[in-house]
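The following exercises are to be worked through with the sequence and the coordinates at hand. Each task is followed by a solution in steps.

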Amino acid sequence: MINCLIVDDEPLAQQILEDYVKAHEGLSLVGKCSTAFEAFEVSHQQKIDLMFLDVKMPALNGIDFLKSLKNPPAVIFTTAYSEFAVMSYELDAVDYLLKPITTERFQKSLNKLFKSTLTIPLEQKDYSYFKVSGKLLKVFHRDILYAQSVKDYILLQTKTDRFLTHMTMKNLEEILSGELFIRIHRSYLVNKDRIEAVGKSKIQIGEEWLPVGSFYRSNLSLIN
């Protein structure tokens with residue numbers, strides 16, 4: 001089964017796509033979202049194989065949202081505007097559906113999907129969006145000093161600020177580059193370039209000393 005997520009701010013468009021998805025035995029609908037903010041949160045909680053993504057949405061449009069994802073699912077754009085078609089193909093979208101979407105056109109998109117590998121080789125980004133206080137905050141990876149797991153949240157310490165975002169450490173590791181970040185503790189992920197000193201059971205980043213767990217001590221060998 002292919003797990004699908006519908007992201008569209010129009011209720012009618014959502015309903016039409018939901019009917020099409022549910023009528024196809026190879027597809028499983030895991031959620032419907034009206035904004036990129038909602039989709040961002042769902043994508044960090046569930047495995048999404050295919051996203052039906054509207055282009056024009058409030059706050060953050062579908063194209064910018066897709067660009068912000070490090071490991072995006074396969075995407076079929078759905079929109080009433082044809083001028084974004086070229087951009088969608090530059091992002092290796094499976095297809096670009098113009099509304100109103102017919103059953104025949106929907107099936108044609110699925111045929112393209114089934115011929116693909118369900119992966120989108122987008123250029124790796126050096127930034128990510130994090131949901132903070134109901135907004136998506138753009139953060140460049142190089143500016144992150146370290147991340148700390150705090151119950152169901154992640155505390156991100158940057159050069160200038162710190163904030164909490166609702167996600168797991170596993171999700172964060174998938175987002176951040178393994179070449180730049182290493183795990184030093186079950187509760188800490190750090191930027192290798194920001195490590196100033198290394199002790200037997202702790203490391204220094206800025207003026208803070210962070211613990212190194214025995215299980216992760218071997219990761220210190222990755223520091224260049």
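**Exercise 1. The whole chain**

What percentage of the 224 residues in the protein do buried residues make up? Describe also the overall extent and the secondary structure.

Solution. The model is a predicted one. Step 1: buried residues account for 50% of the 224 residues. Step 2: taken along the principal axes, the C-alpha atoms fill a box of roughly 65 × 30 × 30 Å. Step 3: the accessible surface amounts to about 11800 Å², and carbon and sulfur atoms contribute 50% of that surface. Step 4: the protein contains six helices and 15 strands. Step 5: of the contacts between residues at least 6 apart in sequence, 51% join residues at least 24 apart.

**Exercise 2. The sheet**

In what order do the five strands of the open sheet follow one another, and which strands stand at the edges?

Solution. Step 1: the order is β2-β1-β3-β4-β5, with parallel pairing. Step 2: β2 and β5 each have a single partner strand, so each has one side without a neighbour in the sheet and stands at an edge. Step 3: on average, neighbouring strands are turned by 20 degrees against each other, direction ignored. Step 4: for the pair β1 and β2, which run parallel, six bridges are found; in β2, L27 is the bridge partner of I2. Step 5: α1 packs on this sheet and touches β1, β2, β3 and β4, its direction making about 165 degrees with that of β2.

**Exercise 3. Helix α5**

Does the end-to-end distance of helix α5 agree or disagree with the span expected at 1.5 Å a residue? Determine also which residues of α5 are buried and where they lie around its axis.

Solution. Step 1: α5 covers residues 103–115, that is 13 residues, for which a span of 18 Å is expected at 1.5 Å a residue; the end C-alpha atoms are 19 Å apart, so the two values agree. Step 2: the buried residues in α5 are F106, S109, L110 and L113. Seen down the helix axis, the buried residues of α5 fall within an arc of 100 degrees, and therefore line one face. Step 3: the general rule is that an α-helix has 3.6 residues a turn, so residues three or four places apart point the same way. Step 4: the face of α5 turned away from the buried side carries the exposed residues E104 and K115. Step 5: the cover over the buried residues includes β1 (2–7), α1 (11–23), β2 (27–33), β3 (50–54), β4 (74–79) and β5 (95–98). Step 6: α5 lies across β1, β2, β3, β4 and β5, and runs at about 175 degrees to β5.

**Exercise 4. Two residues compared with the cut-offs**

Are D54 and F114 buried, partly exposed or exposed?

Solution. Step 1: D54 is located in strand β3. Its relative accessible area is 3%; because buried means under 20%, D54 is buried. Step 2: beyond its neighbours within four places in sequence, D54 contacts V7, D8, D9, G62, T78, T79 and K99. Step 3: F114 belongs to helix α5. Its relative accessibility is 41%, which lies between the cut-offs of 20% and 50%, so F114 counts as partly exposed. Step 4: residues up to four places away in sequence being left out, F114 touches I2 and H24. Step 5: F114 and V94 are separated by 20 residues in sequence and by 9.8 Å in space, C-alpha to C-alpha.

Terms used. Residues numbered from 1 in each chain as written. Predicted model: local features only at pLDDT ≥ 70, side-chain atom pairs only at ≥ 80, totals over all residues. Heavy atoms only, no water. Helix = DSSP H or I, 4+ residues; strand = E, 2+ residues; numbered from the N terminus. Expected span 1.5 Å × (residues − 1). Buried < 20%, exposed > 50% of the residue type's maximum accessible area, 1.4 Å probe, protein only. Arc of directions from axis to C-beta. Contact = heavy atoms within 4.5 Å. Pairing = 2+ DSSP bridges. Axes fitted to C-alpha atoms, helices over the stretch in contact; angles between N-to-C directions. Areas by Shrake-Rupley, 256 points an atom, 1.4 Å probe, with all protein chains shown as cover.
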